[in-house]
Amino acid sequence: MALETQQNHYQVLSLERAADERAIKKAYFGLVRKFPPDKHPEEFKKIRAAYEVLSDPVARRRFDAVDRDYAEHGETVGATLRAAAEATRTGDEAKAQEHLRTLLAQRGDLLEAREMLGHSLMRARDFGGALAQFDELARARPDEGRYHLWRGYALEAKDQDATAEAAFRRASELRPDDAETRMALANVLASRRRYDESLAQIREALARLPDEPGARLHAELRLVDVLFQKGGTKDAASPALRELDALVARICRDPDRELWRYASSRLASLAALLFAREAFTAGNAVLSRCRRLNPSSLVEHPYPEKASLPLEQLPDRARKWLAARRPGPGSPTFLLSQWGASLWAFLASAALAAFTLFVFFHSPWNWGAAGYAFAAIFILGSCLALTGSVRAIAGALSSPVRPLVTVHPLYLVEAKSRRLVVYPLVNLGAVNLTRHTTNGVYTHTRVQVAFGGKKFETSMRDEAYAKGWAEYLLATRHRLLDLLNHGFLEAEPEVGVLPPGLLQPDARRFRWRPRLDRWLVAGTAAGLVLFALAIPWNRRLVDERAFGAAVAKGTLKAHGDYLAKHPSGRFAEAARAERARIHERARASLALTADPRAAGPAALLDGLRAMETRDETRLPVAVSWDAGERAAAATASDLDLGRALADPGQSRRSGELTARLARAFQQAGLGEVVRVEARPVAGAPLALTLHGRYDVEAADLEAGPLRLRSLGIGWRAALVDADGAPLFEWEAVTAAPSSLERAAPGPVVEGEWRRGAYEAELDAACAELAGRLATTLGLPADAALAGSPQASPYGAPLSRAEALALTKAMSGKGRGARP
Amino acid sequence: MKRLGVKDLLLLAVTLLVVGLGAFWLWTENVEQRVFLVNRLGLPVEVSIDGRPRALPAVALVTVSLHRGVHLVKVRAGGKILDEGAIDVPGGGAAVAYNVLGAGPLYNEAVLYGSGGNNSPGGFEFYGGQRLVAAANADFVFTQPPQSISVDSKSSGTHTRWHFDLAEGGWQTTASLLRDRGASEAALRVSLDVARARPDDSQAVLTAAELLAEQRGSGAAAVLLRRYLESHPDDLEVHRTHQHFLRRAGRLEEARGYYRAFRAARPGQGLSAVLLARVEGPDLALALYEEARRLDPADAVARRGLAVLFLARGRFDESARLLGEMASGDPEYKYYVDDHVRSLLGANRGAEAVTVAAKAGETFPAEWRPAVLYAQLAASEGVQASLPGPTFIDRITKKSQDPEFGWWMLSMAGLPLDDARIRRAGRSGGPLVGAALIQQAAASDPARAWGLCAKAADPVLKRLGSPVGVLLGAEFLRAGDRAMAERLFATQGELNLPAEALKAYVMEGIEDPELWRLTPDVRAALEFVRSRRIVADGPASAALLAAARRREAVRGPVTRAAESWPAPEAAPGTVTLRRAALPRE
């Protein structure tokens, strides 16, 4: 079926001239379904032209006015007016204007012709020409409100709002009961941000309109629009919404479902205006009311700023549509890298996993609570990251869609391997293109597109394509809003490909569902298994490192420390064996070193075995002192070695004795198993006790005024076991030094020589005692006798610089000590 | 499924390659480690690592791959366990070697490359004595470094590479180097382990004994040698060393008892007579030597002993006769040239002494003793030398191309040194330089010598000639530094008496019956210091000084010290207080 070519708009829509707006819209949508634009483009064009004129009350009145016979003006004038009207009806405004100008040249007073010319110029968007005609009419008939109204329209179209307001006010004065005039005045007042006055005019208009929803709908929506403008468009609980909800409620009380759908389309038109003003929240708030009025609409729904949905939820039609997208220089579609992000994620997660495994399977430190926590977090995290990246790669491999970005009439669409991300174009804000160069050479363009609070970003390596793509995106949005405004969006092809119902926030609201992803399960399981393995592995490493440290030191103490911390460690047996070898080496060394004439080595060997059994290396030396019968003499003398050794206040002297003994043990190769200590050790399996006594006859010496008392000291020494029972006892006598020299002539005064000689006297006696103890125990006596380095007996023999210069040669470690 | 593009495949391949390389690096760097097994014991061993045995020949360098971490190692030879313990193998790409008993002379040496391309030695690390060696920065492992290397053209200056290798020689080199570098305890451990591993090797036990004497005392060395002698009773060299250490330990009576029993068990054997003679007093020794000569007139050992005994007893003609006989056939004559020359000088046969010394210098061109002796003799009063004093020293220096050795010989001979050169060498030189500096100072100023000795390590002091070492030790004892004196006496390995005997003589004038065993120059040094000790006694001191100079015979350290050292301070009015000797336990 085809529409006849010479039909007027009523005939095209099969309507009578008395048909109201609802009947017009019903007829239009019925015909659109019958003649879809992709199959009947010519018919659709006529249907849409008829609907555009008849759905607009002003245009309809003009059309009705034009479609007359004009017989009242006589044959010639009437013929010219009919010709002009016919030209207007066919859309040839230039021809219509030519006829009318010719007529007005002959009959300048013919107001109807001037009205027709003014309207024709308005339709042709020649607002200046139209204004001139309406000015002429207003001058001719200053009391005709219509002329002032039209003049206001022309002025408003020329953005001369103040003059337009005056014209509308004049028209309103002349036609106080005309709702159209008040609405026109309200519009210009809203444009001038005088919202309250505008709202008052709309309410005045509403008061003059019949009380039926269809007739009042336009004004009521305008009221809501102005309320939105007044109260801001981001406030969802604004008076505008209250007004809107009240309006919807009123409509819903009407049983006429056609009215509901019509009202929904008008609300969508209002939403389009709001989206155009980038009042996305308000626009979507309006559209959300559409769902109640027209739930079956494909387009009259609120739009989220961004929505993501799994590919498997896409209808077949959408998948086919996506598959049909082809990239190209003139296409809004461009491909994304299929693997890049997945592979980089895999690389990063593999690196993380490697790092984690390296750290936690290579960590010889003892984990505490924090260590376990870190290990669990890192191992589980890296396993999940790795499985996640593998899953992404697997998803890319099995995806039915090649990753791309394309532009749908309603959305910017980003298709990924597993999900589809859509950005509704109604929410499109700014599009920013940033040109990037390196050393002045263009590299790429960074594209940033704002959708309300969300942002889509990508890079393009073709600057011209980026500009073209951005322009296409903006043009698509413009067309989208235009179609939404005029209620044609529903009929737009491809709208049904991605129904907005899929994107509704309610459908996407997060709800936890106990559905286990197999990748997640695998990653978690792998992480838990690795963590479980890491714990004993760490203990094994700690054990091995601790023993490795003991091996590196190779000392009895190091192996003892290892055993103390790891008594049942993997290397405990080896550590015990090494300790036994160290003890055995020490005993072998003593057997070599000990003088066969000495009486003590056998007891010392027994003591060493006891120390090994008790895992003890400390050999305490306890010194006691008995002044004996010669207490008075002892008190009188300063050469009191016994008191110096036994007195805790004389710790330096006591330390000197133990240091000498320690040197003797060291030189005998026992340094590793015996540490001589001056302080008592509770329960020590072996101890050396010394008890000194003035029980040796001494000779009194006289030399002039100097009187010295010889200090022979008898020492009773013993190696005792843990119970204090002696393993071996012996006696030693230390003589006081054999001579004293004083390099001063004349009489020597007691007290004077003491200061210079006292320390040396004690040193010599201490060395002698240590030497005798060592000799008896079979230890090298020379080590016990060796004293600390002394100051030069000759003064300062070398300059500091010379001493420094010769350091290398004197160390014996210069070039000579090479193979 | 979408087909992969070339770029995607490339990215995937790079990713897998990176992951794979990372895993491989982690494995190789932290799990597996190449380990060199080094055996320089000179006998085949079996190294068992974690129970897996590997046979190593007598001289071996074998590579194995081990996990990083601890391994239990056991070394066997001939069914006997030589060593066991744990090793901790490090990761991280270091050059790692397991050195059996620590006997291999492993080292890591820095090789410096300059812009000219020639390499030269830099830093040096010695790893001998260590079981497990890990050199973190080795560039050339068991391979000779190249003469030149290629580097980035932008880099300039010196480049260092490290050469990890084994030095020539076996465990002897290791023990020697460790000792020279002051690691005597490690040297002792290596030598004891080697001696245990090679129970029939006299060289091993002698080396161990020498080190044992330094570390544990002469008595310990004697015990070790006696254990060896139980299974090798005819080893003369070990016997001699055994006796030497017993004498140094002051255990002469024990030695006499041992060798009397030894002789009683071998009544008709010349060796037993000679060995006993070496520990008996001079009269009995003379009889024993003569008995040995009767048993075997060609017994070189008896002849040597007799010659030295005649010299010590002042029977210079007889001594010179025997030493003259030795000159024509005894391979050890080179060690007796000094005695020969002193015998001739004692017999007033100075011209003959010069001839003997010169001939020895010609006959033994690599021996430093005759060369130094000739230089000392040429510088002595009343001696007409046919050749300049330093002739033989210069020849040895030139032949060895070792200036440090040359300086040391010159200092031994008391000849002037190139002061500037030796000072420069002192900044990086070896122990011979330090010893040369001390010997040079000892000729002029004891205070300066003390300053050098105080800074010197034991390897330096060990390189002092015995006369200088004893001279300085005795002088420092006299001056009041007993500790320094002990160090100097302890480091004079040729001394065959305990230090106590020397100290008693210097400080108290007590003559130990064994003092006659000291060589004349050492005895002269003691007498010289004793004369300084009793300087207040005036005539007695002067007489002792004259005797010391006579005993030295050639121009040695005593003569030089007597000429140069400042006289000791003898404060008037010194009060010496003596205490009654207390009974010793």
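These questions and answers set values from a predicted model against the definitions behind the terms.

Q: How do you know how confident the predictor is in chain B and in the complex?
A: Chain B averages a pLDDT of 87, and 90% of its residues score at least 70. For the complex, the predictor gives an ipTM of 0.81 and a pTM of 0.67.

Q: Which stretch of chain B has pLDDT under 50?
A: Residues 571–585 of chain B stay under 50, although the model has 43 contacts beyond four places in sequence for them. Among the elements of chain B, strand 13 (residues 575–578) has the lowest mean pLDDT, 41, whereas strand 2 has the highest, 95. Where pLDDT is low, the predicted coordinates should not be read in detail.

Q: What makes A:Arg250 and A:Glu220 a salt bridge?
A: The definition asks for a side-chain nitrogen of Lys or Arg within 4 Å of a carboxyl oxygen of Asp or Glu. The closest N and O atoms of A:Arg250 and A:Glu220 are 2.8 Å apart, so the pair meets the cut-off of 4 Å. A:Arg250 is in helix 14 (residues 239–253) of chain A and A:Glu220 in helix 13 (residues 213–231) of chain A, 30 residues apart.

Q: Why is A:Glu220 called buried or exposed?
A: Buried means under 20% relative accessible area. A:Glu220 has 8% relative accessibility and therefore counts as buried. Its partner A:Arg250 has 31%, so A:Arg250 counts as partly exposed, the class between 20% and 50%.

Q: What makes B:Lys462 and B:Glu214 a link between parts of chain B?
A: The side chains of B:Lys462 and B:Glu214 meet in a salt bridge at 2.8 Å, N to O. B:Lys462 lies in helix 20 (residues 458–462) of chain B and B:Glu214 in helix 4 (residues 202–216) of chain B, so the pair ties together parts 248 residues apart in sequence. B:Lys462 is partly exposed at 23%, and B:Glu214 is partly exposed at 24%.

Q: How do you know that B:Glu494 and B:Arg369 form a salt bridge?
A: Their side chains meet at 3.4 Å, N to O, so the pair is within the 4 Å that the definition allows. B:Glu494 lies in the loop between helix 22 (482–490) and helix 23 (499–508) of chain B, and B:Arg369 in helix 14 (residues 368–378) of chain B, so the salt bridge ties together parts 125 residues apart in sequence. B:Arg369 is partly exposed, with a relative accessible area of 31%.

Q: What makes B:Glu253, B:Arg256, B:Arg260, B:Glu280, B:Glu514 and B:Arg517 one network?
A: Salt bridges that share partners join these six residues. Over all chains, the structure holds 87 salt bridges.

Q: Why are strand 2 and strand 5 of chain B called a pair?
A: Two strands pair if DSSP finds at least two bridges between them. Strand 2 (residues 45–49) and strand 5 (residues 69–77) of chain B have four bridges, in the antiparallel sense, so they meet the requirement of at least two. B:Val47 stands opposite B:Val75 in strand 5 of chain B.

Q: What makes strand 3 and strand 6 of chain B edge strands?
A: Strand 3 (52–56) and strand 6 (80–89) of chain B each pair on one side only. They belong to an open sheet of four strands with the order 3-2-5-6 and antiparallel pairing. The twist averages 20 degrees from one strand to the next. Helix 22 (residues 518–553) of chain A lies across strand 5 and strand 6 of chain B, running at about 125 degrees to strand 6 of chain B.

Q: How do you know that the side chains of strand 10 of chain B alternate?
A: Along strand 10 (residues 132–135) of chain B, B:Val133 and B:Ala135 point to one face and are buried, while B:Leu132 and B:Ala134 point to the other and are not. Strand 10 pairs with strand 7 (residues 95–99) of chain B in the antiparallel sense over four bridges, and B:Ala95 stands opposite B:Ala135.

Q: Why is A:His119 called buried or exposed?
A: A:His119 has a relative accessible area of 11%, so A:His119 is buried under the 20% cut-off. A:His119 is found in helix 7 (residues 111–123) of chain A. Leaving aside neighbours within four places in sequence, A:His119 is in contact with A:Arg62, A:Phe134 and A:Trp150.

Notes:
Residues numbered from 1 in each chain as written. Chains lettered and ligands numbered in written order. Predicted model: local features only at pLDDT ≥ 70, side-chain atom pairs only at ≥ 80, totals over all residues. Heavy atoms only, no water. Helix = DSSP H or I, 4+ residues; strand = E, 2+ residues; numbered from the N terminus. Buried < 20%, exposed > 50% of the residue type's maximum accessible area, 1.4 Å probe, protein only. Axes fitted to C-alpha atoms, helices over the stretch in contact; angles between N-to-C directions. Contact = heavy atoms within 4.5 Å. pLDDT = per-residue confidence, 0-100.
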